[in-house]
Amino acid sequence: MRLTSELIKDKAVSEIISRLKKAQIGDAVNAEGTWGSYARALAGCIYQQIPQPILYITPHIDDADNASDDLAIFSGTTAEVFAASESPDGTIEPTDEQASARLKIAIKIRAAHTHSNHLIICTSIQALMQPVADPAQTDKSAFILGRTQAIEPQLLLNWLVDNGFERTEQVDNPGDFAHRGGIID
């Protein structure tokens with residue numbers, strides 16, 4: 001954190017942040033000549049100065065995890081990793097943990113865009129090139145419950161089955177559900 005507070009005093013960094021604050025949708029602000037962890041420190045500094053979502057793109061799949069660790073240190077917050085999918089055709093199955101994680105991040109990005117939430121997402125070029133579920137389709141197929149909302153359990157059970165979840169005796173994996181008495185896990 002001390003590094004980013006010192007970094008903001010740098011003339012070039014201050015100019016970059018000033019240009020970003022004035023930027024409109026579609027504008028590009030380039031920061032050239034950065035190397036090593038400097039780019040990540042700069043992104044952390046930008047995160048602290050501008051309350052907007054940041055998408056940090058790395059050239060290789062493995063770099064996103066390392067960048068996430070550095071950005072957490074430089075920004076003072078958790079940096080989410082939008083990993084590349086291992087699914088050859090881009091389909092999302094309820095039991096596919098990585099696809100589920102990608103979908104969760106995509107939903108966070110959508111929420112950040114519509115609600116101006118402040119977050120950092122690290123990803124690779126490869127991950128960005130892979131398809132993600134259509135947000136409209138995700139909204140259409142979602143089953144949303146409020147904390148105090150009461151529903152007929154059979155409605156939820158039917159939705160789970162219709163959406164590819166597997167009924168088991170005990171929940172062990174993503175995509176599993178269990179129903180015992182009045183409890184649905």
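Start with helices α3 and α4 on screen: their crossing is right-handed. This is a predicted model.

**Stop 1: α3 and α4.** Select residues 38-49 for α3 and residues 63-75 for α4. The two axes lie 8 Å apart, and the packing angle is about 50°. The pair is therefore oblique. Now show side chains. On α3, pick Arg40, Ala41, Ala43, Gly44, Tyr47 and Gln48. Facing them in the contact are Asp63, Asn66, Ala67, Asp70, Leu71, Phe74 and Ser75 of α4. Colour this contact by residue type: 6 are nonpolar, 4 polar and 3 charged.

**Stop 2: α2 and α3.** Keep α3 and add α2, residues 11-22. These axes come within 11 Å and cross at roughly 50°. That angle makes α2 oblique to α3. The crossing is right-handed. Which residues of α2 meet α3? Select Val13, Ile16, Ile17, Leu20 and Lys21. Their counterparts on α3 are Tyr38, Leu42, Cys45, Ile46 and Gln49. Colour by type again: the contact has 8 nonpolar residues, 1 polar and 1 charged.

**Stop 3: strand β1.** Hide the helices and select residues 54-58. Which side chains of β1 are buried? Ile54, Tyr56 and Thr58 are, and they point to one face. Leu55 and Ile57 point to the other face and are not buried. Follow the strand along and the side chains alternate.

**Stop 4: β1 and β3.** Add β3, residues 120-124. The two strands run parallel, joined by 5 bridges. Finish on Thr58: its bridge partner in β3 is Ser124.

Methods. Residues numbered from 1 in each chain as written. Predicted model: local features only at pLDDT ≥ 70, side-chain atom pairs only at ≥ 80, totals over all residues. Heavy atoms only, no water. Buried < 20%, exposed > 50% of the residue type's maximum accessible area, 1.4 Å probe, protein only. Helix = DSSP H or I, 4+ residues; strand = E, 2+ residues; numbered from the N terminus. Pairing = 2+ DSSP bridges. Axes fitted to C-alpha atoms, helices over the stretch in contact; angles between N-to-C directions. Parallel < 35°, antiparallel > 145°, perpendicular 65-115°, else oblique. Left-handed = near helix turned anticlockwise from the far one by under 90°. Contact = heavy atoms within 4.5 Å. Nonpolar A, V, L, I, M, F, W, Y, C, P; charged D, E, K, R; others polar.
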